[in-house]
Amino acid sequence: MGRTKDAIAEGLSIATAAARLTVRNRILVETIARGGQFDGEVFADFARETLRALATEQDQAADRVTAQRKRAWGRFSDSSGTHDYRDRDTRNLRRRARQSRGVAKELREFAADPERVGVLVAAAREAAWGDVEANLSQRLDVEGMTADADPDYATMRRARMDALRMVDLARLASQAKKRAKEQAAAAGDDAETPAPKKKKSSSA
């Protein structure tokens, strides 16, 4: 029974972690993405539903294993695949079914315990806030990055200088040539225009 108890404890730990992740995601969606308020009772109800759903999955897994064990009973030929069980596998299949039933039972007891559910919701809320805090911190690090702190600064600086030479300076040179042509054309027009003749003054 020691192996079975250990397997049930491990299965419960995995299922609890899955439930906490599910509740965390729900908190992120409802309170962050949709701008809602955190209501502990609402999320506790959701946590209980999640735990019961996981318990149902464990019961279904036990039913499948039990059916496989019944089909394997009395079959002594060589197996043709991973799930093509034989009589020699029935003991292991019975143990697996018992483990799944045990995890399902533990999950339902968990869901019926308000204190344990409250601890799960609190852990999920803390995990959700940790995700938000980490994302904000990363964004602030990027926005406030200095030349000394940015490991890619030198590479990006070279790229910016290349862009300046190839694009901005070329554009400035083109604009300068255009202005020079316009000024030369204007100067030519002034040269071709005859100067007005001066009138002779008459002597008294």
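This is a short chat about charged residues in a predicted model.

Biologist: What kind of model is this, and how are residues numbered?
Modeller: This is a predicted model, where local features need pLDDT of at least 70, side-chain atom pairs count only at pLDDT 80 or more, and totals for chains, interfaces and linings use all residues. Residues are numbered from 1 along each chain as its sequence is written, and side-chain values use heavy atoms, with hydrogens and water left out.

Biologist: How many salt bridges are there?
Modeller: The count is six. A salt bridge here is a side-chain nitrogen of Lys or Arg within 4 Å of a carboxyl oxygen of Asp or Glu.

Biologist: Which residue pairs with D59?
Modeller: R108 does, with the closest N and O atoms 2.8 Å apart. D59 lies in helix α2 and R108 in helix α3, so the pair ties together parts that are 49 residues apart in sequence. Helices are DSSP runs of H or I, at least four residues, numbered from the N terminus.

Biologist: Is D59 buried or exposed?
Modeller: D59 counts as buried, at 18% relative accessibility. Buried means under 20% relative accessible area, exposed means over 50%, and partly exposed is in between (1.4 Å probe, protein chains only). R108 is partly exposed, at 37%.

Biologist: And what does R101 bind to?
Modeller: R101 meets D63 in a salt bridge, 2.4 Å from N to O. R101 sits in helix α3 and D63 in helix α2, 38 residues apart. Salt bridges link D59, D63, R101 and R108 in a network.

Biologist: What about E30?
Modeller: E30 forms a salt bridge with R26, and their closest N and O atoms are 3.6 Å apart. Both are in helix α1, four residues apart, so about one helical turn separates them. E30 is partly exposed at 25%, and R26 is partly exposed at 36%.

Biologist: New topic. Which residues form the positive surface patch?
Modeller: R3, R91, R94 and R98 form the patch. Patch residues have over 30% relative accessible area and no salt bridge, and like charges are joined within 9 Å. Helix α3 (residues 90-111) gives the most, with three residues.

Biologist: Where does R3 lie?
Modeller: R3 lies in helix α1 (residues 2-33). R3 is exposed, with a relative accessible area of 60%.

Biologist: Last one. Why does R48 count as buried?
Modeller: Because its relative accessibility is 17%. R48 is in helix α2 (residues 40-72).

Biologist: What does R48 touch?
Modeller: Leaving out residues up to four places away in sequence, R48 touches E41, A111 and V117. Contact means heavy atoms within 4.5 Å.

Definitions and conventions
Helix = DSSP H or I, 4+ residues; strand = E, 2+ residues; numbered from the N terminus. Patch = residues over 30% accessible without salt bridge, like charges linked within 9 Å, V, L, I, M, F, W, Y side chains within 5 Å. Areas by Shrake-Rupley, 256 points an atom, 1.4 Å probe, with all protein chains shown as cover. Lys, Arg positive; Asp, Glu negative; His and termini not counted. Charge placed at Lys NZ, Arg CZ, Asp CG, Glu CD.
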